[in-house]
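These are my notebook entries on a structure that I looked up residue by residue. I wrote down each point as I came to it.

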Amino acid sequence: MTRKERSDFEKSLFKNINNKEIWNAISAVRERNEASLKADETHKMKFAIRYCDVILNSLGQTLNYKKMLTQTNEATTTYYFYRNLVLDDIHREIARGA
């Protein structure tokens, strides 16, 4: 996905969090990372869990990147790298369920 496509996709996740398919896909990515974290802890997995939690708890409100940085407890320098990986995981999970 391009940068714009990722941003649009992220916005659609926030706006459609009440959609069962999207909720289930994000929950599945979160759970998969949480299960993997127990076996082999990596920073990406911790970030993925926090990022998914932010979206799942957003109540349909789109958050700006500064708020996302704060809520994920991530530095700007690594936030977009990990964000892209998690968005790709969520995108694949949604496509898998379709």
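**Entry 1: the start of α4.** I began where helix α4 starts, in a model that is predicted. There I found a side-chain oxygen of N64 within 3.1 Å of the backbone nitrogen of K66.

**Entry 2: the two sides of α4.** I next asked which residues of α4 (residues 65–72) are buried. They include M68, L69 and T72. Looking down the axis of α4, I noted that its buried residues fall within an arc of 105°, so they line one face of the helix. On the other side of α4, I recorded K66 and T70 as exposed. I then looked up what covers the buried residues of α4, and the cover includes α1, α3 (43–56) and α5 (76–97).

**Entry 3: V54, a residue of α3.** I turned to V54, which is found in helix α3. Is V54 buried or exposed? Its relative accessibility is 7%, and the limit for a buried residue is under 20%, so I entered V54 as buried. Leaving aside neighbours within four places in sequence, I listed F14, L63, M68, Q71 and T72 as the contacts of V54. Two of these, M68 and T72, I had already entered among the buried residues of α4. For F14, I also noted the separation from V54: the two are 40 residues apart in sequence, and their C-alpha atoms are 9.4 Å apart in space.

**Entry 4: the residue just after α4.** I followed the chain out of α4 and came to N73, which lies in the loop between α4 and α5. Although N73 is not a glycine, its phi is positive, at about 60°. With a relative accessibility of 63%, N73 counts as exposed, because that value is over the 50% limit.

**Entry 5: the loop between α3 and α4.** I looked up two residues in this loop. The first entry is L59, which has its place between α3 and α4. Its phi is near 55°, which is a positive value in a residue other than glycine. I recorded L59 as exposed, with a relative accessible area of 73%.

The second entry is T62, also found in the loop between α3 and α4. How exposed is T62? Its relative accessible area is 41%, so T62 is partly exposed, a term for values between the 20% and 50% limits. Setting aside neighbours within four places in sequence, I found T62 in contact with K11, F14 and K15. I also noted that T62 and L13 are 49 residues apart in sequence, yet 8.6 Å apart in space from C-alpha to C-alpha.

**Entry 6: α1 against α5.** I then examined how α1 and α5 pass each other. Their axes come within 11 Å and cross at roughly 65°, and the crossing is left-handed. On the α1 side, I listed R6, S7, F9, E10 and L13 as the residues that make the contact. On the α5 side, the list is Y79, R83, N84, L87, D88, I90, H91 and I94. I sorted the residues of this contact by type and obtained 6 nonpolar, 3 polar and 4 charged.

**Entry 7: R6 in that contact.** I chose R6 for a separate note; its place is in helix α1 (residues 3–15). Is R6 buried or exposed? R6 counts as buried, because its relative accessibility of 14% is under the 20% limit. Not counting residues up to four places away in sequence, R6 touches M1, R83, N84, L87 and D88. Of these, R83, N84, L87 and D88 also appear on the α5 side of the contact between α1 and α5.

**Entry 8: D89, elsewhere on α5.** I looked up D89, which has its place in helix α5. D89 is buried, with a relative accessible area of 15%. Which residues does D89 contact, leaving aside its neighbours within four places in sequence? I found V29 and K44.

**Entry 9: W23 in α2.** My last entry concerns W23, found in helix α2 (residues 20–39). I recorded W23 as partly exposed, with a relative accessible area of 36%. Not counting residues up to four places away in sequence, W23 touches I17 and L56. Finally, I noted that W23 and I55 are 32 residues apart along the chain, with 9.1 Å between their C-alpha atoms.

How values were computed: Residues are numbered from 1 along each chain as its sequence is written. This is a predicted model: local features need pLDDT of at least 70, side-chain atom pairs count only at pLDDT 80 or more; totals for chains, interfaces and linings use all residues. Side-chain values use heavy atoms; hydrogens and water are left out. Helices (H or I, at least four residues) and strands (E, at least two) are DSSP runs, numbered from the N terminus. Buried means under 20% relative accessible area, exposed over 50%, partly exposed in between (1.4 Å probe, protein chains only). Contact means heavy atoms within 4.5 Å. The arc is that of the directions from the helix axis to the C-beta atoms. A polar contact is a pair of N or O atoms within 3.5 Å; within protein, one must be able to donate a hydrogen and the other to accept it, and residues adjacent in sequence count only if both atoms are side-chain atoms. Axes are lines fitted to C-alpha atoms, for helices over the stretch in contact, and angles run from 0 to 180 degrees between N-to-C directions. A crossing is left-handed if the near helix is turned anticlockwise from the far one by less than a right angle, and right-handed if clockwise. Ala, Val, Leu, Ile, Met, Phe, Trp, Tyr, Cys and Pro count as nonpolar, Asp, Glu, Lys and Arg as charged, and the others, Gly among them, as polar.
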